[in-house]
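Please look over the sequence and the model shown here before reading on. The report that follows takes up charged pairs, cysteines, a loop and a helix in turn.

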Amino acid sequence: MISYDSVQELADKATKKGKPISALVLADQALQMERSQQDLIEEMNKSLQVMAEAASKGLNSGSKSASGLSGGDALKMKQAIHAGQSLGGMVLSETLAKALAIAEVNACMGRIVAAPTAGSCGIIPALLLTLKEAYDLTEAQVVMSLFTAAGLGMVIAKKASISGAEGGCQAECGSAAAAMAAAAAVELMGGTPQMCAHACAIAIKSVLGLVCDPVAGLVEVPCVKRNASGAANALIAAEMALAGIESVIPVDEVIAAMKDIGDAMPKTLKETAEGGLADTPTAKKMAREIFR
């Protein structure tokens, strides 16, 4: 059975067995949960369908959230793409659009998959669904990559945190989702388990220290746009890892550093809406208007 104490341990075991990380995680979870692998695959496929439905809904709706703080940006992004205004290429632009779309659906109380949290729900599906479309991949391939994301997520949750309230946004939109998405994307595109580990490390390193400062205490500003930046971070980390670029600092040490930083953060910067952007004059005015 897998201990989920170390990303490198997962990568090493997968390398030794000549299998992707997803295969190890799937087999281990089936054993631990006393369920068949096919049963778990079917359940993960259902989650993938919910992700796809949320992306589609968000991309085709300009609806505003109840607070009025978010909504409609995914549609704007989609329209810009169709108008040929993409600066970073279609994969990046489509990823950003889907990340915004799913996060907006969450803000509007729509159905999403907490991956790994509701606040970071757009990152993993945005990147994987975009790669599926861009490279004509199968649902089965994407489903398996989600097991890789899950395996790494379990390590991060066990050794550090995936909660903004506990570790800041570095532990939510920043690291858990982006790192999970990056590793899943690497496997999806044919990368090795070791590349997955490096992608995870690169993604986390890019956002160390990122605070959680939701305006008015709502998961909307800056959370929706951070889903887009988190998805971009995951894409960047995956691309570097697939090119053979390695993290100088080992992945598990990066995760440990993230935990130390999260522990050192004052509570004002951990989802309390007492610091950061939430403490700006504009944010305070918005909060007063919303809760008047």
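How many salt bridges does the structure hold? The structure holds 12 salt bridges, where a salt bridge is a side-chain nitrogen of Lys or Arg within 4 Å of a carboxyl oxygen of Asp or Glu. This is a predicted model, in which local features need pLDDT of at least 70 and side-chain atom pairs count only at pLDDT 80 or more, while totals for chains, interfaces and linings use all residues. Residues are numbered from 1 along each chain as its sequence is written, and side-chain values use heavy atoms, with hydrogens and water left out.

**Charged pairs**

Three of the salt bridges are set out below, with the distance taken from N to O.

| Positive residue | Negative residue | N to O distance |
|---|---|---|
| Arg35 | Asp39 | 2.9 Å |
| Arg226 | Asp213 | 3.1 Å |
| Lys267 | Glu274 | 3.0 Å |

For the sign of charge, Lys and Arg count as positive and Asp and Glu as negative, whereas His and the chain ends are not counted. In general, side chains of opposite charge can pair when their charged atoms come close.

The pair of Arg226 and Asp213, whose side chains meet in a salt bridge at 3.1 Å, links distant parts of the chain, since Arg226 is in helix H11 and Asp213 is in the loop between H10 and H11, 13 residues apart. Helices here are DSSP runs of H or I with at least four residues, numbered from the N terminus. Both Arg226 and Asp213 are buried; buried means under 20% relative accessible area, exposed means over 50%, and partly exposed lies in between (1.4 Å probe, protein chains only).

Lys267, which forms a salt bridge with Glu274, counts as exposed at 54% relative accessibility, and Glu274 is partly exposed at 40%. Elsewhere, salt bridges that share partners join Arg35, Asp39 and Glu43 into one network. Within this network, Asp39 is partly exposed with a relative accessible area of 30%, and Arg35 is likewise partly exposed, with a value of 27%.

**The loop between H10 and H11**

Glu220 is found in the loop between helix H10 (193-205) and helix H11 (223-242). Is Glu220 buried or exposed? Glu220 is buried yet has no salt bridge, and the nearest side chain of opposite charge, that of Lys64, is 8.3 Å away. The side chain of Glu220 does make a polar contact with the side chain of Ser70 at 2.6 Å; a polar contact is a pair of N or O atoms within 3.5 Å, and within protein one must be able to donate a hydrogen and the other to accept it, with residues adjacent in sequence counted only if both atoms are side-chain atoms. Apart from neighbours within four places in sequence, Glu220 is in contact (heavy atoms within 4.5 Å) with Ser65, Ser67, Leu69, Ser70 and Ala107.

Pro222 lies in the loop between H10 and H11, and a cis peptide bond with omega of about 5 degrees joins Val221 to Pro222. Ala216 is also placed in the loop between H10 and H11; although Ala216 is not a glycine, its phi is positive, at about 65 degrees, and the residue is buried with a relative accessible area of 15%.

**Cysteines**

A search of the whole structure finds 0 disulfides, a disulfide being a pair of cysteine sulfur atoms within 2.5 Å. Why does Cys196 not form a bond with Cys200? The sulfur of Cys196 is 9.4 Å from the closest cysteine sulfur, which is in Cys200, and this is too far for a bond. For Cys223 the closest cysteine sulfur is in Cys212, and because the distance is 6.1 Å, that pair is also too far apart for a bond. Cys196 is buried at 1% relative accessible area, and Cys223 counts as buried at 13%.

**Helix H7 and the loop before it**

Asp136, found in the loop between H6 and H7, has a positive phi of about 55 degrees although it is not a glycine, and it is exposed with a relative accessible area of 69%. Helix H7 (residues 139-159) has 21 residues and should span 30 Å at 1.5 Å a residue, which agrees with the 31 Å between its end C-alpha atoms; the expected span is 1.5 Å times one less than the number of residues. The buried residues of H7 include Val142, Leu146, Phe147, Leu152 and Ile156.

Terms used:
Helix = DSSP H or I, 4+ residues; strand = E, 2+ residues; numbered from the N terminus.
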